[in-house]
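Got a model open and want to talk through its surface, its salt bridges and its pocket? Here it is.

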Amino acid sequence: MYMKEYVYHDVNYRGKIERVEYATKDYSDRPITKYANVYLPYGYNAEDKETKYNILYVMHGGGGNPDAWLDCCKIKNMLDWAILSKEIEPLIVVFPTFYKEIFERDGNRTPVNANFENEKINGFMPELSGDVMPAVESVYNVYAKSGADEDLKAAREHRAFTGFSMGGGTTWLTFLHKMDYFANFIPLSGDCWIIEPRGGATYPVETAEAMVKHVMDKGFTKADFKVYAATGTEDIAFAALDPMVAELKKHTELFDYSDDYSVGNLHYFAEPGQVHAYEAVCNYLYTFLPYLFR
């Protein structure tokens, strides 16, 4: 139960960021074009079809966009260094958004409202598997043979989802609704809103029970996934995520909790003094990355 802090390194072998545009629909069901940022590790060769890469989807927090993680923390430098130092295998990282458009009021983004945000992350679920993943994974050398639904599902062991704050909530939703596409989940500073917004704080017992029932009713078992969750003790998300995870630990029919990140399927730490910030969750992601896809 620990956080490994990342310190900036001057890396000479850097990956690159590309933008993938894809077709989806707006809130009125009209066709629109969106984009996701895609990190490609140093040495990625589109012509080398024999080399396959695991893929990680990374979601921003409330009010963010596909650029948020890249703008607000050292994630690209961290990925470059972790790969160069062989802490992790080279992988592809995708930064999408759960918003279908930018909401502005008086020149500023609309303030975060829990019900508004909950609606948006739920609305992203069909877009994730129906639009984003096919667009990205039909282009790059990943384990999915194509962007077809059956090929995406067949490669679930090589795919992970993470996110910060509302992105953490999106990660829990992906755990509930898209486990047939994903096997690895890293919810950071965000709880599951299956009962209600911030239900990890208001209804931790009921939230955990509903999550377990939802997953097991779909036929999944403890052998089908791994969850790596984290927050800070001074984070606004602590009051919701901490009691919720405590309840999940009790459900041994689905979860095997361990402080050893290399065994079990549920892991969690609350880092003393850390607050609700991208720099903090970047460290949490750095801590967990070496244990993915093993």
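Q: Is K74 buried, partly exposed or exposed?
A: This is a predicted model, and K74 in it has a relative accessible area of 25%. Buried would need under 20% and exposed over 50%, so K74 lands in the class in between: partly exposed.

Q: Which residue does K74 form a salt bridge with?
A: The rule asks for a side-chain nitrogen of Lys or Arg within 4 Å of a carboxyl oxygen of Asp or Glu. For K74, the closest N and O atoms of the pair are 3.0 Å apart. The partner is E279.

Q: How many residues apart are K74 and E279?
A: K74 sits in the loop between α1 (68-72) and α2 (75-84), while E279 belongs to helix α9 (residues 278-288). The pair therefore links distant parts of the chain. The separation is 205 residues.

Q: What is the relative accessible area of E279?
A: E279 is the helix α9 end of that pair. Its class is partly exposed, because its relative accessible area is 34%.

Q: Which parts of the structure does the salt bridge of D180 and K153 tie together?
A: The side chains of D180 and K153 meet at 3.7 Å, N to O. The two residues are 27 apart in sequence, so the bridge ties together separate parts. Those parts are the loop between α5 (166-177) and β8 (184-188), which holds D180, and, for K153, helix α4 (residues 149-154).

Q: Are D180 and K153 buried, partly exposed or exposed?
A: D180 comes in at 26% relative accessibility, and K153 at 32%. Since the class in between runs from the 20% cut-off to the 50% one, D180 is partly exposed, and K153 is also partly exposed.

Q: Which residues are joined into one network by salt bridges that share partners?
A: Here the bridges share partners, and that joins the residues into one network. The members are K34, K100 and E127.

Q: What is the N to O distance in the salt bridge of E18 and K16?
A: E18 has 28% relative accessibility and counts as partly exposed. K16 is partly exposed too, with a relative accessible area of 45%. Their side chains meet in a salt bridge with an N to O distance of 3.4 Å.

Q: How many salt bridges does the count come to?
A: The pairs above include K74 with E279 and E18 with K16. By the 4 Å rule, the count comes to 17.

Q: Which residues make the nonpolar surface patch of about 320 Å²?
A: One member lies in the segment before β1 (16-25), and that is Y13. Y13 has a relative accessible area of 43%, and patch residues need over 30%, so Y13 clears that cut-off. The full set is Y13, Y42 and L84.

Q: Which residues are closest to the centre of the largest pocket?
A: The largest pocket has a volume of about 320 Å³, and 18 residues line it. Elements giving two or more residues to that lining are α5 and α8 (238-250). Closest to the centre are S165, W193, R198, I236 and H276.

Q: How many residues in the lining of the largest pocket are charged?
A: Split by class, the lining has nine nonpolar and seven polar residues. The charged ones number two.

Q: How far apart in space are V205 and M244, C-alpha to C-alpha?
A: V205 lies in helix α7 (residues 204-217) and is partly exposed at 34%. M244 is 39 residues away from V205 in sequence. In space, their C-alpha separation is 7.1 Å.

Q: Are K86 and S189 buried or exposed?
A: Most residues other than glycine have a negative phi. K86, in the loop between α2 and β4 (91-95), has a positive phi of about 65°, and S189, in the loop between β8 and α6 (199-202), has a positive phi near 50°. With relative accessible areas of 72% for K86 and 1% for S189, K86 is exposed and S189 is buried.

Key:
Residues are numbered from 1 along each chain as its sequence is written. This is a predicted model: local features need pLDDT of at least 70, side-chain atom pairs count only at pLDDT 80 or more; totals for chains, interfaces and linings use all residues. Side-chain values use heavy atoms; hydrogens and water are left out. Patches are made of residues with over 30% relative accessible area and no salt bridge: like charges are joined within 9 Å, nonpolar side chains (Val, Leu, Ile, Met, Phe, Trp, Tyr) within 5 Å. Accessible areas come from the Shrake-Rupley method with a 1.4 Å probe; for residues, only the protein chains shown count as cover. Helices (H or I, at least four residues) and strands (E, at least two) are DSSP runs, numbered from the N terminus. Buried means under 20% relative accessible area, exposed over 50%, partly exposed in between (1.4 Å probe, protein chains only). On a 1 Å grid over the protein atoms alone, a cavity is a set of points where a 1.4 Å probe fits but cannot get out, and a pocket is an open set with protein on both sides within 12 Å along at least five of seven lines; lining residues have an atom within 4 Å of a point. Grid points are joined across faces, edges and corners, and a volume is the space filled by probe spheres set on the points. Ala, Val, Leu, Ile, Met, Phe, Trp, Tyr, Cys and Pro count as nonpolar, Asp, Glu, Lys and Arg as charged, and the others, Gly among them, as polar.
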